[in-house]
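Student: I would like to go through this model with you and ask, term by term, how each description is justified.
Tutor: Then let us look at it together and set each value against its definition.

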Amino acid sequence: MGTPLTVALIAKNAEQYLGRLIQSVSWADEIVLLDGYSTDRTREIAESFGAKIIEKDFESFPAERQFILAHVSHDWVLSLDADMIVPPALAREIKDIMASGPEYDCYQMRCLNHFLRKEIRHCSWFDYRFLRLFNREKGSYNLSYKVLDHFKCTGTTGKLTNYLVHHQTESLEEYLSKMTRRYAPLTADEYMAKGMQIRWWLMPWYFFVRPGLIFVYKYFWKRGFLDGVPGLLICLNSAILYYFVFSIIWDRHKGEPEYNFDRYLPVDVGLSK
């Protein structure tokens with residue numbers, strides 16, 4: 001009979017790609033969608049495939065992933081984003097594991113990202129770092145994080161041979177906007193929760209050295225140069241992201257600015273009659 005599997009999805013206004021994802025996992029025993037009150041056809045599309053739908057305001061990525069685990073029917077979960085696809089090779093590998101009984105408690109897999117019209121196989125983007133298939137009783141998400149949403153497995157971990165596909169449809173402008181408006185502030189929240197402060201004597205390290213090392217690591221050690229111009233932009237953006245993160249932390253610790261604009265007003269002019 002095998003081990004039943006739930007596919008757990010989080011999405012908001014994902015009508016342009018949700019159907020492709022659900023089609024690629026239609027073989028699962030259950031599909032559950034956590035919807036962030038979409039205003040497009042996301043719910044309608046999910047319902048047409050027989051998915052179970054729950055709604056919740058967005059709090060953080062780990063919080064959404066942990067929340068949905070309490071609303072699935074099976075212990076084994078494949079946790080995905082709406083803009084992903086499970087290719088046939090990966091689907092067969094997962095189905096074989098479920099049919100014969102999982103050897104491990106959790107499984108890592110790679111994710112092939114498509115960015116700026118190119119498959120990204122370097123820049124650390126194609127590593128075994130996604131723990132998406134797991135027994136929910138063997139771990140949880142760390143809710144102190146705001147961006148990192150990797151499932152922390154307390155049992156044994158294996159690796160899958162095949163990979164997910166992540167088809168980012170956003171332009172570079174949209175990507176940069178998301179990076180600066182969402183990921184940088186959320187990452188700053190994570191660091192500040194750990195007690196990080198940017199002292200003035202450490203500013204060269206945080207604003208210049210550390211972003212530079214991040215670029216060198218991703219572009220040279222992780223061979224981002226093999227991904228061409230998109231690889232170069234990814235590595236540069238990774239470095240710039242942390243520059244923004246550290247700048248936000250420094251600014252928050254400075255407190256509210258006090259400009260004292262009244263000093264620009266003439267002293268001999270009354271402001272009221």
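Student: Which residues in α3 are buried?
Tutor: In α3, the buried residues are F61, P62, A63, E64, R65, I68 and L69, where buried means under 20% relative accessible area, exposed over 50% and partly exposed in between, with a 1.4 Å probe and protein chains only. This is a predicted model, in which local features need pLDDT of at least 70 and side-chain atom pairs count only at pLDDT 80 or more, while totals for chains, interfaces and linings use all residues. Residues are numbered from 1 along each chain as its sequence is written, and side-chain values use heavy atoms, with hydrogens and water left out.

Student: What makes helix α3 mostly covered?
Tutor: Helix α3 spans residues 61-69, and 7 of its 9 residues are buried. Those buried residues pack against β1, β2, β3, β4 (76-81), β8 (130-135) and α5 (172-193), a contact being heavy atoms within 4.5 Å. Helices (H or I, at least four residues) and strands (E, at least two) are DSSP runs, numbered from the N terminus, and the protein chain has 7 helices and 11 strands.

Student: Why is strand β2 called largely enclosed by the rest of the structure?
Tutor: Strand β2 covers residues 30-35, and 6 of its 6 residues are buried, so β2 is largely enclosed by the rest of the structure. Both faces of β2 are covered, with E30, V32 and L34 buried on one side and I31, L33 and D35 buried on the other. For the protein chain, 46% of the 273 residues count as buried.

Student: How do you know that β1 and β2 pair, and in which sense do they run?
Tutor: Two strands pair if DSSP finds at least two bridges between them, and 6 bridges join strand β1 (residues 5-11) to β2, the two running parallel. Within this pairing, I10 stands opposite L34 in β2. The chain crosses from β1 through helix α1 (residues 18-24) to β2 in a right-handed β-α-β crossover; the term right-handed applies here if, with the strands pointing away from the viewer, the path from the first strand over the helix to the second runs clockwise.

Student: What joins β2 to strand β3?
Tutor: There are 4 bridges between β2 and strand β3 (residues 52-55), which run parallel, and L34 stands opposite I54 in β3. Here the chain crosses from β2 through helix α2 (residues 42-48) to β3, and this β-α-β crossover is right-handed.

Student: Which strands pair with β11, and in what sense?
Tutor: Strand β5 (residues 84-85) is joined to strand β11 (residues 157-167) by 2 bridges and runs antiparallel to β11, whereas strand β6 (residues 106-115) pairs with β11 in the parallel sense over 8 bridges. V165 in β11 has I85 opposite, and V165 is also the bridge partner of L112.

Student: Why are α6 and α7 called roughly antiparallel?
Tutor: The axes of helix α6 (residues 203-221) and helix α7 (residues 228-254) come within 9 Å and cross at roughly 160 degrees. Axes are lines fitted to C-alpha atoms, for helices over the stretch in contact, and angles run from 0 to 180 degrees between N-to-C directions. Angles under 35 degrees count as roughly parallel, over 145 as roughly antiparallel, 65 to 115 as roughly perpendicular and the rest as oblique, and α6 and α7 are therefore roughly antiparallel to each other. Among the residues that meet are Y206, F207 and I214 in α6, and L236, Y243 and F246 in α7.

Student: What makes N237 count as buried?
Tutor: N237 is placed in helix α7, and N237 has a relative accessible area of 7%, so N237 is buried. Not counting residues up to four places away in sequence, N237 touches L172, Y175, L176 and M179.

Student: How do S124 and R223 count, as buried or partly exposed?
Tutor: S124, in the loop between β7 (118-120) and β8, counts as buried at 9% relative accessibility. R223, in the loop between α6 and α7, counts as partly exposed at 44% relative accessibility. Phi of S124 is near 70 degrees, a positive value in a residue other than glycine, and phi of R223 is near 55 degrees, likewise a positive value in a residue other than glycine.
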